[in-house]
Amino acid sequence: MTPVQLSLGTAQFGLDYGVTNRTGQVSENEVKSILFAADSSDVRFLDTAQAYGNSESVLGRCLDSDSSLGLISKLPAQTSDPYTSASVKVWEASFQQTLIRLGRSTIDSFLLHQASDLLRPDGHVLLDWLTSLRKRFLVLRVGVSIYSSSELDQLPLDQIQIVQLPLSLYDQRALIDGTISRLNRLGISVHARSVFLQGLLLTPSEKWPAWIDRDFRLHHSSLEAFAVEHNLSLLKLSLGFVQSCFQLEAAVVGVTTYNELLSLLAVWMSKSTVFSFGDPHGWAWPKGHSLDPRLWPS
């Protein structure tokens, strides 16, 4: 059984990203330090997107040319305009710019930020172009990023090699409903994102934004008490959960400083079995609207 691997999310390298981010976009000097540590550790992938501000360009400037890290990027959500040969030219130009910005001739994976872009009557045009990237050896895998399991309905899963989805100690929907097991049976790699819920899982409940409902805040307070009782950190609980999900290929994590990454790596490499203290499924939060960043106040 292959251990879950780490994927470093890079949205904060190109944007002021994250509901608990108090320092804004990460400086390029800090990015270089983070990438140096990532490249010489257990980190296997870098996760970026065309919509993450100038994240691709920052990675291209800061990442060593001989880095072994697998690069993953994403095509932004498409408009309602019909897909035509002109659309293909736009996608191709944007993808070639991704390669130029990243300083690479090929990348590991290219995903759709909006899976429903494949479900349109003309979705085959987009799928054919994505498939051509693999045939031309520009990417190893193509896939989709989703927010809920229902987004996979009707997708051509036989032509997809990777799916990125939300999964955390609080958001276990894709695990409980069998989505991850189903994707595994189909030979599709699964990358978990939002494993810290944009940092909420690592933040004391009294410092949570005021708009979060009282019940969810109390639930987090209970986790904090559990952590204290068993001499565990919230970071160890969060990472221990995704490490226990052996059907994942990777877990996407984000940091804003070199020291944050070092702390994260120390916990990750300890591989402690934190849930010998109880069933992690008991920490799943049932109210999906609290777990979807698209529904959070801007």
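Rings of Phe, Tyr and Trp (its six-membered ring) pair if their centres lie within 6.5 Å, and a pair counts as stacked when the planes are under 30 degrees apart, as edge-to-face when they are over 60, and as tilted for the rest. The model is predicted, so that local features need pLDDT of at least 70 and side-chain atom pairs count only at pLDDT 80 or more, while totals for chains, interfaces and linings use all residues. Residues are numbered from 1 along each chain as its sequence is written, and side-chain values use heavy atoms, with hydrogens and water left out.

**Exercise 1. Aromatic pairs**

Find how many aromatic pairs there are, and classify the pair of Trp 91 and Trp 129 and the pair of Phe 226 and Trp 283.

Solution. By the ring rule, the count comes to 10 aromatic pairs. For Trp 91 and Trp 129, the distance is 5.8 Å centre to centre and the angle between the planes is 45 degrees, and this pair is tilted. Since Trp 91 lies in helix 4 (residues 85-102) and Trp 129 in helix 5 (residues 123-135), the pair ties together parts that are 38 residues apart in sequence; helices here are DSSP runs of H or I with at least four residues, strands are runs of E with at least two, and both are numbered from the N terminus. Trp 91 and Trp 129 are both buried, where buried means under 20% relative accessible area, exposed means over 50%, and partly exposed lies in between (1.4 Å probe, protein chains only).

The next step concerns the second pair. The ring centres of Phe 226 and Trp 283 are 5.4 Å apart and their planes stand at 65 degrees, so this pair is edge-to-face. Phe 226 belongs to helix 8 (residues 214-229) and Trp 283 to the segment after helix 10, so that the pair links distant parts of the chain, 57 residues apart. Phe 226 and Trp 283 are both buried.

A last step looks for a cluster: Tyr 83, Trp 91, Phe 95, Phe 110 and Trp 129 form one aromatic cluster.

**Exercise 2. The barrel and its strands**

State in which order the strands close into a barrel, and follow the bridges from strand 1 through strand 2 to strand 3.

Solution. The barrel is closed by 8 strands in the order 1-2-3-4-5-6-7-8, with parallel pairing, where two strands pair if DSSP finds at least two bridges between them. From one strand to the next, the twist averages 30 degrees, an angle taken between N-to-C directions on a scale from 0 to 180 degrees, with axes that are lines fitted to C-alpha atoms, for helices over the stretch in contact.

Strand 1 and strand 2 pair in the parallel sense over 4 bridges, and Gly 9 stands opposite Asp 47 in strand 2. On the way to strand 3, Asp 47 has Ile 72 as its bridge partner, while Phe 45 has Gly 70. Strand 2 (residues 43-47) and strand 3 (residues 70-75) run parallel and are joined by 3 bridges. Strand 2 is mostly covered, with 4 of its 5 residues buried.

**Exercise 3. The two sides of helix 2**

Check the span of helix 2, and decide which of its residues are buried and which are exposed.

Solution. The 12 residues of helix 2 (residues 28-39), at 1.5 Å a residue, should span 16 Å, and this agrees with end C-alpha atoms that are 16 Å apart; the expected span is 1.5 Å times one less than the number of residues. The buried residues of helix 2 are Val 31, Ile 34, Leu 35, Ala 37 and Ala 38. Because these residues cover an arc of only 160 degrees around the axis, they lie on the same side of helix 2, the arc being that of the directions from the helix axis to the C-beta atoms. Asn 29 and Phe 36 are exposed on the other side of helix 2. The cover over the buried residues includes strand 1 (5-9), helix 1 (11-14), strand 2, helix 3 (55-62) and helix 10 (258-270), with contact meaning heavy atoms within 4.5 Å.

**Exercise 4. Two residues with positive phi**

Locate Phe 137 and Gln 198, and give the phi of each.

Solution. Most residues other than glycine have a negative phi. Phe 137, in the loop between helix 5 and strand 5 (139-145), has a positive phi near 60 degrees, and Phe 137 is exposed at a relative accessible area of 68%. Gln 198, in the loop between strand 7 (189-193) and helix 8, has a positive phi of about 55 degrees, and Gln 198 is partly exposed at 22% relative accessible area.
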